[in-house]
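This report walks through one structure at the level of strands, side chains and backbone angles. Keep the sequence and the 3D view open while reading.

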Amino acid sequence: MTASPTADWRTWVPERLDYPEVPVGALLDGARRRFGERVAFRHHDRELTYTGLWRAACGFAHHLQERGVRPGDVVAVHLPNVLAFPVAYHGILLAGAAFSPVSPQLPADGVATQLADARAAAVVGLRDPGGRGDEGSTAIGELDHATAAG
């Protein structure tokens, strides 16, 4: 159904959506099985396939667990829109942790306040905030535990 830009959104947006009651990992694995080598994300000249996303997210989930992240912990993600973002997001969920986005536009004191408010157990970000998220600039494998007071 295509809605006119002037139509009242309440006439075409459903009151609720029904989602399958399955673990989030099953959804990502299902996408990997169904779409495999199709591009899931593209950033500049780099691409991440559904299979690549699945593998990287699983690896990152294991990395988080090895670093002490436990189910129910909050992991903050302080990343711009780079390919590391969906890997971090899905890896956090696969590890059983909660995802808390932190805008890269926030000043340092705003980031600290948000980390404290979220009671983040860990933070994922870039080594080089001016980088494009290419190899060598992302700290997706480098997890720094938040120092914010909880």
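What follows covers the sheet, the salt bridges, a surface patch and two backbone angles.

The model is predicted.

## The sheet

Start with the strands. Three of them make up an open sheet, ordered β4-β3-β5, with parallel pairing. Strands β4 (98-101) and β5 (120-125) are the edges. Each has a single partner strand, so one side of each has no neighbour in the sheet. On average, neighbouring strands here are turned by 30° against each other, direction ignored.

Strand β3 spans residues 74-78 and is joined to β5 by five bridges. The two strands run parallel. Strand β3 also pairs with β4, again in the parallel sense, over four bridges. How does the chain get from β3 to β4? It passes through helix α3 (residues 84-94), and this β-α-β crossover is right-handed.

Val 75 is a useful residue to click on. Its bridge partner in β5 is Ala 122. Its bridge partner in β4 is Phe 99.

Now look at Gly 125, which sits in strand β5. Is Gly 125 buried or exposed? Its relative accessibility is 14%, so Gly 125 counts as buried; the cut-off for buried is under 20%. Gly 125 and Val 102 are 23 residues apart in sequence. In space, their C-alpha atoms are 9.5 Å apart.

## Salt bridges

How many salt bridges does the structure hold? There are four. Three of the pairs are listed here, each with its N to O distance and the relative accessible area of both residues.

| Acidic residue | Basic residue | N to O distance |
|---|---|---|
| Asp 8 (34%) | Arg 10 (58%) | 3.0 Å |
| Asp 29 (14%) | Arg 33 (61%) | 2.9 Å |
| Glu 47 (48%) | Arg 42 (55%) | 2.8 Å |

Take the pair of Asp 8 and Arg 10 to begin with. Their side chains meet in a salt bridge. Asp 8 counts as partly exposed at 34% relative accessibility, whereas Arg 10 is exposed at 58%.

The pair of Asp 29 and Arg 33 belongs to helix α1 (residues 24-35). The two residues are four apart, about one turn of the helix. Asp 29 is buried, because its relative accessible area of 14% falls under the 20% cut-off. Arg 33 is exposed, with a relative accessible area of 61%. So this salt bridge joins a buried acid to an exposed base. There is a further member here: Asp 29, Arg 32 and Arg 33 are linked in a network of salt bridges.

The pair of Glu 47 and Arg 42 also forms a salt bridge, with closest N and O atoms 2.8 Å apart. Glu 47 is partly exposed at 48% relative accessibility. Arg 42 is exposed, with a relative accessible area of 55%. The cut-off for exposed is over 50%, so Arg 42 passes and Glu 47 does not.

## A nonpolar surface patch

Which residues form a nonpolar patch on the surface? They are Trp 9, Trp 12 and Val 13. Together they have about 320 Å² of accessible area. Trp 12 lies in the segment before α1. Its relative accessible area is 39%, so Trp 12 is partly exposed.

## Two positive phi angles

Two loop residues deserve a look at the backbone. His 44 has a phi near 55°, a positive value in a residue other than glycine. His 44 is placed in the loop between β1 (39-43) and β2 (46-49). With a relative accessible area of 56%, His 44 is exposed.

Arg 119 also has a positive phi, near 55°, and it too is a residue other than glycine. Where is Arg 119 placed? It is in the loop between α4 (108-118) and β5. Arg 119 is exposed, with a relative accessible area of 60%.

How values were computed:
Residues numbered from 1 in each chain as written. Predicted model: local features only at pLDDT ≥ 70, side-chain atom pairs only at ≥ 80, totals over all residues. Heavy atoms only, no water. Buried < 20%, exposed > 50% of the residue type's maximum accessible area, 1.4 Å probe, protein only. Pairing = 2+ DSSP bridges. Axes fitted to C-alpha atoms, helices over the stretch in contact; angles between N-to-C directions. Right-handed = clockwise from strand over helix to strand, strands pointing away. Patch = residues over 30% accessible without salt bridge, like charges linked within 9 Å, V, L, I, M, F, W, Y side chains within 5 Å. Areas by Shrake-Rupley, 256 points an atom, 1.4 Å probe, with all protein chains shown as cover.
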